[in-house]
Amino acid sequence: MKRFFILSLTIFISSTIYAQNQPYQGKFEPIDNMIPQPNVYRSASGAPGKAYWQQRADYKIKAQLDEKNNILSGDETITYYNNSPDDLSYLWIQLEQNVNKKENEDFGYAFGNVRDSMNTRHMQFLTRAIDFPAGYTIKYIKDTNGKPIKSLVNNTMMKVILSKPLKSGESLTFSIGWSYHITDRSMYLLSREGYEYFPEDDNTVYLIAHWFPRMAVYNDTEGWQNKQFQKLGEFALEFGDYDVEITVPADHLVAATGDLKNENEVLTKVQRQRMIEARNSVDKPIMIVTPDEAKANEKNKTTKTKTWKFRAENVRDFALASSRKFIWDAQAVPLETHTVMAMSFYPKEGLPVWSESSTLAVKNALEVYSEDVFEYPYPVCISVNTSNIGMEFPMISFNGGRPVNGKISKNTKAGMISTIVHEVGHNWFPMIVSSDERQWMWMDEGLNTFIHQRTMEKRYPDYPHTEPKSIVAFMSGDQSIMRPIMTSSDNDLLSQFGANYYQKPTVGLQILRNSVIGKDLFDQAFKEYANRWKYKHPNPADLFRTLEDATAVDLDWFYRGWFFTTDNVDMELTNVKWFTVANEENIENRNKVAKANIKAENAGENTTDFAGGPEMITMVSTPDQAYGQFLSRLDEPEVRKQLYGKNIYEITVKNVGGLIMPVTIEWQYTDGTSEIDTLPAETWRLNEYEVTKTFIKSKQVEKVVLDPNFEFADTDMKNNSFPKVEEVSDFDKFKNKN
């Protein structure tokens, strides 16, 4: 009987389904062969496995800022915990300051090569005509007994050779002495740290980041993550506790990761009183250092110093900013289980917009991210004004955007606020959900931008935010030079990485949330991923598997197309056929059918509009052999009754761009009403190039439109309508205008 069934089914399918005559592309095949296989460390569900482990590094750092010579020097003690199952005969330490040495990449080519009339700054980027010292001087590496430890430096990585292996489950404490020249940020592109000089008042703002030798990550998927730092791909770091003492000029203010532990020693009595007021102010920021006080502070440079002491627990990095120019405001932000102090530090050049908007933007980001991801766990969150960049670190971010002569355009202000929200959001991705930025930039930038854009939509609805149409220009670009999202961070073009690693993943997640999975189910799954991998090191496969595991939606087709290829979305509505069923029981209607078939000869064939009317078709009775072994029969009169007077539309959609997506169809009726039908992505399983579907409608259709709400970033909307929308030529536009 089974054999008979298969034979009958085969005959039926071969006689009724149009055969696909183009190569099978496997767009719905699992991506298991494209991502690492699950194991005891990372489960098939996307969660950390039972045997998951990760290393840890605690730091005690004492550093001094030499403002006269722009030198930062320090002594640090690292306690490294080997939680891996492996014995380690050497360690790798990151020396990112070495990236500023002359022989390394500075991205000067981004503005083009040497040419006539090029500006001096561009030539400096290309040639480093004005050279300057950069990179670490390593003074010593020694164990707890003061005995030197051997090391070898390879550009931005230092190999520490142990006298005996660090066994699994053991820890090692050792010390490093170092110094480096802080570099002028205006000398670089992608200058995430360094100093900014203000010639008008002869003062400096220091942004101190990737400033101390840091442990490289050792994990279950790569062993040592010791890829060289090349600026574009950022950081992979272990979690730990930090005790940091930073000695600076006594008239400087310091903003830093962590809790300030010696407030009584470094703040004045008035400043401490204002801090008490700020801790109780939930409605507005309180000035801790006022603009007038900051301006007065700029005028006299003391030779005395102060040491600021900070402690930060369970963070993957530590950064700080120091200057006598800073204005400082702060406000309390109550969350569900604790209150966070939102703060901003900025020079007078940021007024008035920074006092009006920065801390408010921090507050908005803290509230939305805490609701949509998980609650912000740290005690402070700081925004520091700088020029040209946005850069994130635990509890502190450096954010560009300044007025000119006190005035700022709406677009510039929107960009400034958006930058602050984005950089604050990085506290979640990757500062807590700690993905490998050096390998997969999109995992932190894309996921963070996704929630960042939702924050902008909720709290700043009048400002622009990313949506599917935002990525169309990029995705319809030159595919011969385009890279997939799943490209290692340093290998994308500088001109494209913003679209590829920020916007495209964001739009992809928007499509999954709004049009594939559904908002409620997606939101729960996204939170599941974030909470599973909080304070851990997820890989792309962990995200992919979690979203499927927590939604019961097969998404391999989406991951394969959106993340692993450069295909785009371009669905073409190639044809719509219109039919009606004639009432064969009525002789008069049968005659009308005959006449109509003569009058509308090819109404069911490829047409350009509905002007020819429907093609009237008849239905004959089903022969007994068509039922196979079934003894029951359809109620044929009822079938006919349900179809009489109805309109049958058969649409054909072609996949021009290559990306699989659901098909959303808007039916616009002659009475002015409309409705939408959606075909799931699985519609394309049997034919990845073209699908044909049939719909029954009570009303007559005037127009059919694909993707009417622009949900899928379709790169060519001109072929989405039937009847086709005539495109007005440039000449006709000019003629009509005049």
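# A tour of helix pairs, sheets and unusual bonds

Helices α10 and α13 are roughly antiparallel to each other, because their axes cross at roughly 155° and angles over 145° count as roughly antiparallel. This is a predicted model, so the stops below describe predicted coordinates.

**Stop 1: α10 and α13.** Select residues 497-517 for α10 and residues 556-564 for α13. Their axes come within 11 Å, and the crossing is right-handed. Show side chains for K504, P505, V507, G508, I511, L512 and V516 on α10, then for W557, F558 and W562 on α13; these residues make the contact. By class, the contact has eight nonpolar residues, one polar and one charged.

**Stop 2: α10 and α11.** Keep α10 selected and add residues 519-532, which form helix α11. Here the axes come within 7 Å and cross at roughly 135°, which makes α10 oblique to α11. From α10, L509, L512, R513, N514 and I517 take part; they meet K519, L521, F522, D523 and F526 of α11. This contact divides into six nonpolar residues, one polar and three charged. L512 is worth a label, since L512 is listed in the contact with α13 and also in the contact with α11.

**Stop 3: α7 and α8.** Move to residues 410-425 (α7) and 441-459 (α8). What angle do α7 and α8 make where they pack? The angle is about 130°, and the axes are 9 Å apart; the two helices are therefore oblique to each other. The crossing of α7 past α8 is right-handed. On α7, select A414, I417, S418, V421, H422 and G425; on α8, select E445, N448, T449, H452, T455 and M456. The residues of this contact are four nonpolar, seven polar and one charged.

Stay here and select P430, which lies in the loop between α7 and α8. The peptide bond leading from F429 into P430 is cis, with omega near 15°. Most peptide bonds are trans.

**Stop 4: a second cis bond.** Select F722 and P723. The peptide bond that joins them is cis, with omega about -5°. P723 sits in the loop between β31 (721-722) and α16 (730-737).

**Stop 5: the sheet with β3.** Four strands form an open sheet in the order β5-β6-β3-β10, with antiparallel pairing. Select 150-154 for β5 and 214-215 for β10: these strands stand at the edges with a single partner strand each, so one side of each has no neighbour in the sheet. Then select β3 (residues 88-94) and β6 (residues 157-166), which pair in the antiparallel sense over six bridges. To find the register, label L88 and its bridge partner in β6, L166.

**Stop 6: β7 and its partners.** Select β7, residues 171-181, and β2, residues 71-81; the two run antiparallel and are joined by eleven bridges. T79 stands opposite T173 of β7. Now add β4, residues 136-143, which pairs with β7 in the antiparallel sense over seven bridges. In this pair, T137 stands opposite S179.

Just before β2, look at N70, in the loop between β1 (56-66) and β2. Which sign does phi of N70 have? The value is positive, near 55°, in a residue other than glycine. Most residues other than glycine have a negative phi.

**Stop 7: the sheet with β26.** Another open sheet of four strands has the order β25-β24-β26-β29 and mixed pairing. Its edge strands are β25 (615-617) and β29 (690-697), each pairing on one side only. On average, neighbouring strands of this sheet are turned by 30° against each other, direction ignored. Select β26, residues 647-655, with β29: eight bridges join them in the antiparallel sense. N647 stands opposite K697 of β29.

**Last stop: confidence.** Colour the chain by pLDDT. The average is 93, and 93% of the residues score at least 70. Which stretches fall under 50? Residues 1-18 stay under that value, and the model gives them three contacts beyond four places in sequence. Residues 592-604 are also below 50, with 16 contacts beyond near neighbours in sequence. Where pLDDT is low, the predicted coordinates should not be read in detail.

Methods. Residues are numbered from 1 along each chain as its sequence is written. This is a predicted model: local features need pLDDT of at least 70, side-chain atom pairs count only at pLDDT 80 or more; totals for chains, interfaces and linings use all residues. Side-chain values use heavy atoms; hydrogens and water are left out. Axes are lines fitted to C-alpha atoms, for helices over the stretch in contact, and angles run from 0 to 180 degrees between N-to-C directions. Angles under 35 degrees count as roughly parallel, over 145 as roughly antiparallel, 65 to 115 as roughly perpendicular and the rest as oblique. A crossing is left-handed if the near helix is turned anticlockwise from the far one by less than a right angle, and right-handed if clockwise. Contact means heavy atoms within 4.5 Å. Ala, Val, Leu, Ile, Met, Phe, Trp, Tyr, Cys and Pro count as nonpolar, Asp, Glu, Lys and Arg as charged, and the others, Gly among them, as polar. Two strands pair if DSSP finds at least two bridges between them. pLDDT is the predictor's confidence in each residue, from 0 to 100.
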